[in-house]
Amino acid sequence: MAGTIDREMGLDAVDDLEQLPILGRLHEWVITVDHKRLGLMYITGGLFFFLVAGLQAATIRLQLAVPNSGIVPPQVFNRLLTMHGTAMVFLVGMPILTGLFNYLVPLMIGARDLAFPRLNAFGFWLWFFGALLLYFSYIGGDGLYGAGSAPDVGWFAYAPLTELPFSRGNSTDYWILSILLTTVGSTATAANIVSSVFCMRCEGMTLTKMPVLVWLATVVSFMILVALPPLSAAQVMLLLDRFLGAHFFDTQAGGSAVLWQHFFWIFGHPEVYILVIPAFAFASEIIPVFSRKVIFGYSVMVAASCAIGFISMSVWAHHMFSVGMTPAGNSFFAASSMLVGVPTGIKIFNWLGTMWRGKLRFKVPMLFSIAFLFQFLVAGLTGIMLAVAPFDWQLTDTYFVVAHFHYVLVGAIVFMIFAAIYYWFPKATGRMLSERLGRWHFWLFVIGFHLTFDTEHFAGMQGMPRRIYTYQPGRGLETLNFVASIGALVQGIAVLIFVINVVRSLRSGEPAGDDPWDAWTLEWSTTSPPPEYNFATLPVVRSRRPLWDLKHPDDPDWRYE
Amino acid sequence: MAAASTTMRASSTPWSETLPYRGRVGILALILTESSFFLIFVVAYIFYIGKSLSGPSPREVLSVPIVNTICLLSSSITIVIAIRSLRAGSIRNFSAWWFVTFVLGAEFLIGTAIEWHRLIYHEGLTLRTNLFGTTYYSLVGLHALHVTIGLVLILLVLILTVLGYMSERHVERADVLSWYWHFVDSVWVVVFLTVYVIGR
Ligand code: HEM
Ligand SMILES: [Cu+2]
């Protein structure tokens, strides 16, 4: 995005860049250690893969639009499914969220950079080459027509199906190695954010004065540090099995198939919360500003997030009810899953409390946040339903589950990613996104979302199996699947409008000014885009809303806190 | 809470000194991740105890590495003494104790190599032999890898000291490295208990 920064912005560093030829400018981005640039690189990369993985989802839905359609052969379908799931989690969700944290956390705590800038750059490039490696797999093997030797093992890569005898060729190795690299990158970011929050806060910013987003970024970082290594460890074991003849998941030698599932979901479930807590973080910044009220129950909000972080580490086996655990195991994991609902409910209550009697401004970021609240509530409810083990036995591996987790992944996470981009785009680029296109984007996306995923709940209850490349006519599935596919198309159009909006606004969007939303946190106190050093003089804060104090010297917050 | 903002003003230490050193928080974050990583290997080891379909079994081939363990654990003490000396400004004592730490760590590594040599060439136990071989070499090997990394870093500091680059100013950094070394030692306690006590 370097070329799009305006010359008039008057930033010396950027001015110099404009004089450089294109290669020189690219070089500047390659060698950068600036947290803002790395943040933007993560976000841009993530959005790119969002388009790719979205296209794969569209193809999957196209294939499923009518019974027996035969648009893609079964093998290619499996590859599309694997690449869609893997890319959405590791190449879209993780980088966009860590990218936003990368960009925002130092600005919000009044620091000039993260604690370890070079580690940050290192993490990004690991992520980048890991991502390339995953898609590189398309080039090998059976060639492009058969969609190469892309992984076809699902994003969960269940062993022993991923062991050498059942998964020949190198597709599984691509999956393992690329995800290993990207997770190391995410872990580096997490360590960096934890260190920055503890060691780099500006004067006066005690832990209790940090913005809620910074708190949640810290919680997520701790979760990343604890929950990602189990996946890496399991992947290393699988590599040892595949390359050196070890027997970790080799059932012929007494190895266990269930152990892989445990290891995967010990990572996999917290991962969902690692993705969704950032969505909470953005909501907790956006909803107060567009309601003109302080966040309701700051400390409850923080405590609830910490509780979610802890409890979510002990619920993983609710993905394994149908494996056949003991009744005691089932009961434990059912109960702990339901327990997570409590702090989550508290948070929804707090956001509603913030909006209650506020002066609501229905700008695009707020629209996305309100839709998020509603959709996340529904996702929570279907989640509690699935936590009832007998109910799960009935519906596991049906589209009910697919609908449930997409309510979280799209209805909460993607919606809040859009909200965050509309909200902070002016800060990062100095220009506003178009409100008119934004509304088109929002309404089409909401409509498409509900067309697709509401109907999938019913398709699931009708018995539509998950991970299946086609289905037979005459079982009451045609209409539901057709509507779901139309919905995917509508979502696709909405995302296209978003892309147009971004590209147009980068060049000719309305200039934003430093503080277009009349917000309260420190990032809005510097210029848009911020200079390389963030703040000319490091800020000193006395309350949770330092900018409010500046704007209202007669009635500052610190009197009440 | 109005008091909070006034006490902040009244306190005499500058703000930046009330925050911890970033290297320390960074190493704690690393240790947290690594613990989680090791834990999975330990769980796999314990899960597969006694589940091998063929021999040899741990009881037949493993002997308890007493000397190794003593060396490694005492290196945690010598590194503390080394850091103390550096803090007190005595580079001579620092380099001596730092050197002893290195030697103790290296002894551990050599001990492991001898054990592996015996297991592979005399007992015929490899990664592929059975589940015991698989879990044993990966867990002990993972730990040995960490010892190796620690030794390389310690050696680097040793070289810098000999060349005269180390001084009291670097005590925080050397201390961060010592925390990593303590971590590697504590992991050995867990590995030792798992492999040679519970597993035998
Ligand atoms: C935006 C529109 C999206 C559509 C239309 C869509 C559609 C689909 C479809 C049709 C499947 C296959 C389900 C099956 O047959 O089992 C699927 C699987 C999946 N999707 Fe999406 N998806 C979308 C967005 C996302 C996002 C944003 C994420 C994550 C952040 C995501 C994560 C996954 C995962 C993890 C799977 C499971 C893959 C597997 O079973 O290996 N999807 N999606
Ligand atoms: Cu879960």
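**Salt bridges and surface features of the predicted model**

In this predicted model, B:D175 and B:R87 are joined by a salt bridge, with 3.9 Å between the closest N and O atoms. B:D175 belongs to helix 7 (residues 171-198) of chain B and B:R87 to helix 4 of chain B, so the pair ties together parts that lie 88 residues apart in sequence. The two partners can also be described by their accessibility. B:D175 is buried, because its relative accessible area is 11% and buried means under 20%. B:R87, in turn, is partly exposed, with a relative accessible area of 46%.

This pair can be placed in a wider picture: a search of the whole structure finds 14 salt bridges over all chains. One of them links A:R467 to A:D397, where the closest N and O atoms are 3.2 Å apart. A:R467 sits in the loop between helix 15 (435-461) and helix 16 (478-508) of chain A, while A:D397 sits in the loop between helix 13 (389-395) and helix 14 (399-429) of chain A, so this contact ties together parts that are 70 residues apart in sequence. A:R467 is partly exposed at a relative accessible area of 28%, and A:D397 is partly exposed at 35%.

Chain A offers a further example in A:D518 and A:K551, whose side chains meet in a salt bridge of 2.6 Å, N to O. Here A:D518 lies in the loop between helix 16 and helix 17 (546-551) of chain A, and A:K551 in helix 17 of chain A, so parts that are 33 residues apart in sequence are tied together. A:D518 has a relative accessible area of 32% and is partly exposed; A:K551 also counts as partly exposed, at 35% relative accessibility. Through salt bridges that share partners, A:R292, A:D515, A:D518 and A:K551 are joined into one network.

Turning to the surface, a positive patch is formed by A:R118, B:R22, B:R169 and B:R173. Among these residues, B:R22 lies in helix 2 (residues 22-47) of chain B and counts as partly exposed at 36% relative accessibility.

A last stop in chain B is B:I70, which is found in helix 4 (residues 66-87). Is B:I70 buried or exposed? With a relative accessible area of 55%, B:I70 is exposed, because exposed means over 50%. Measuring from C-alpha to C-alpha, B:I70 and B:F108 are 9.0 Å apart in space, although 38 residues separate them in sequence.

Methods. Residues are numbered from 1 along each chain as its sequence is written. Chains are lettered from A and ligands numbered from 1 in the order in which they are written. This is a predicted model: local features need pLDDT of at least 70, side-chain atom pairs count only at pLDDT 80 or more; totals for chains, interfaces and linings use all residues. Side-chain values use heavy atoms; hydrogens and water are left out. Patches are made of residues with over 30% relative accessible area and no salt bridge: like charges are joined within 9 Å, nonpolar side chains (Val, Leu, Ile, Met, Phe, Trp, Tyr) within 5 Å. Accessible areas come from the Shrake-Rupley method with a 1.4 Å probe; for residues, only the protein chains shown count as cover. A salt bridge is a side-chain nitrogen of Lys or Arg within 4 Å of a carboxyl oxygen of Asp or Glu. Lys and Arg count as positive and Asp and Glu as negative; His and the chain ends are not counted. The place of a charge is taken as NZ of Lys, CZ of Arg, CG of Asp or CD of Glu. Helices (H or I, at least four residues) and strands (E, at least two) are DSSP runs, numbered from the N terminus. Buried means under 20% relative accessible area, exposed over 50%, partly exposed in between (1.4 Å probe, protein chains only).
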